[in-house]
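Student: I've got a model open and I'd like to talk it through with you. Can we go feature by feature?

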Amino acid sequence: MLRFISYDIVFQEIPGEVSLAINISNCPNICVGCHSPHLQDDIGEVLNEHVITELIHRYGSAVTCVCFMGGDGNPGEIEQLAHFVKHFTNGQLKTAWYSGKICFPPECNYNNFDYIKLGPYIKEYGALNIPTTNQKFYQIVDECMVDVTERFWKN
Ligand code: SF4
């Protein structure tokens, strides 16, 4: 079961989009130097289609994308919710996933997303906006994952 601790409307996580970022708990990745250690605990409210529906009713007209921040403990549910967002909004809202895993889970279909961030946070390499970062940011174009990480390095 997915749980989330907060949500926010953000501008930098997905370049060119206004995103409703949902911060999901129970992160299994245990990155050294984790920026949000509380996200490693199984805390917060249940995140399901009913909650997503409520959030879209409240904020859907103010955003262009729903971004799932975390959820590596249950990738299948993230994929299902992303699929639900696309179906429920008739594709009006894009979907994104910030995963701390190195690879996209083979059991999931990345075509349910418009954007995918992969990779754990490693302090010496820096965050996504640092050119030395180990993390990758992809846009799904014509059913392919295209590496567009450099978008974070432009002012
Ligand atoms: S993926 Fe993010 S929340 Fe999870 S341990 Fe790593 S830095 Fe922390």
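**Rings, sheet and helices**

Tutor: Sure, and let's start with the rings: the structure holds 9 aromatic pairs. One of them is Phe84 with Phe88, a stacked pair at 5.4 Å centre to centre and 15° between the planes. Rings of Phe, Tyr and Trp (its six-membered ring) pair if their centres lie within 6.5 Å, and planes under 30 degrees apart count as stacked, over 60 as edge-to-face and the rest as tilted. Before we go on: this is a predicted model, where local features need pLDDT of at least 70 and side-chain atom pairs count only at pLDDT 80 or more, while totals for chains, interfaces and linings use all residues. Residues are numbered from 1 along each chain as its sequence is written, and side-chain values use heavy atoms, with hydrogens and water left out.

Student: How many residues apart are Phe84 and Phe88 in helix 2?

Tutor: Both rings belong to helix 2, residues 75–88. Helices here are DSSP runs (H or I, at least four residues), strands are runs of E of at least two, and both are numbered from the N terminus. Phe84 and Phe88 are separated by about one helical turn because their spacing is 4 residues.

Student: Is Phe88 buried, partly exposed or exposed?

Tutor: Buried means under 20% relative accessible area, exposed over 50%, and partly exposed in between (1.4 Å probe, protein chains only). Phe84 has 15%, so Phe84 is buried. Phe88 has 33% relative accessibility, so Phe88 counts as partly exposed.

Student: What kind of aromatic pair do Phe104 and Phe113 form?

Tutor: Phe104 is buried at 13% relative accessibility, and Phe113 is buried at 1%. Their centres are 6.2 Å apart with 75° between the planes, which makes the pair edge-to-face.

Student: Which residues do ring pairs link into a cluster?

Tutor: Phe104 and Phe113 both belong to it. Ring pairs link these two with two further residues, and the full set is Trp97, Phe104, Tyr110 and Phe113.

Student: Which side chain does Asn112 join in a polar contact?

Tutor: Asn112 lies in the loop between strand 5 (94–98) and strand 6 (115–118), and it is buried, with a relative accessible area of 12%. Leaving aside neighbours within four places in sequence, Asn112 is in contact (heavy atoms within 4.5 Å) with Glu79, Ala82, His83, Lys86 and Thr95. A polar contact is a pair of N or O atoms within 3.5 Å; within protein, one must be able to donate a hydrogen and the other to accept it, and residues adjacent in sequence count only if both atoms are side-chain atoms. For Asn112 the polar contact is 3.2 Å, and the partner side chain is His83.

Student: Which strands stand at the edges of the sheet?

Tutor: The chain comes to 2 helices and 8 strands, running β-β-β-α-β-α-β-β-β-β from the N terminus on. The 8 strands form an open sheet of mixed pairing, in the order 3-1-2-4-5-6-7-8, where two strands pair if DSSP finds at least two bridges between them. Each edge strand has a single partner, so one side of each is left without a neighbour in the sheet; these are strand 3 (45–46) and strand 8.

Student: Which residue in the turn between strand 7 and strand 8 has a positive phi?

Tutor: Strand 7 (residues 136–141) and strand 8 (residues 144–147) run antiparallel, joined by 4 bridges. Along them, Tyr138 stands opposite Asp147, and Ile140 has Met145 as its bridge partner. The two strands form a hairpin with 2 residues between them, and the residue with a phi of about 50° is Asp142.

Student: Which residues does Thr53 contact, leaving aside neighbours within four places in sequence?

Tutor: Thr53 is found in helix 1, residues 49–59, where Val51, Ile52, Thr53, Leu55 and Ile56 are buried. The cover over those buried residues includes strand 1 (3–10), strand 2 (19–24), strand 3, strand 4 (65–69) and helix 2. Thr53 itself has 16% relative accessibility, so it counts as buried. Its contacts bring us back to the stacked pair: Phe84 and Phe88.

Student: What share of the 155 residues count as buried?

Tutor: The C-alpha trace spans about 40 × 35 × 30 Å along its principal axes. Among contacts between residues at least 6 apart in sequence, 54% join residues at least 24 apart. Of the 155 residues, the buried share is 45%.
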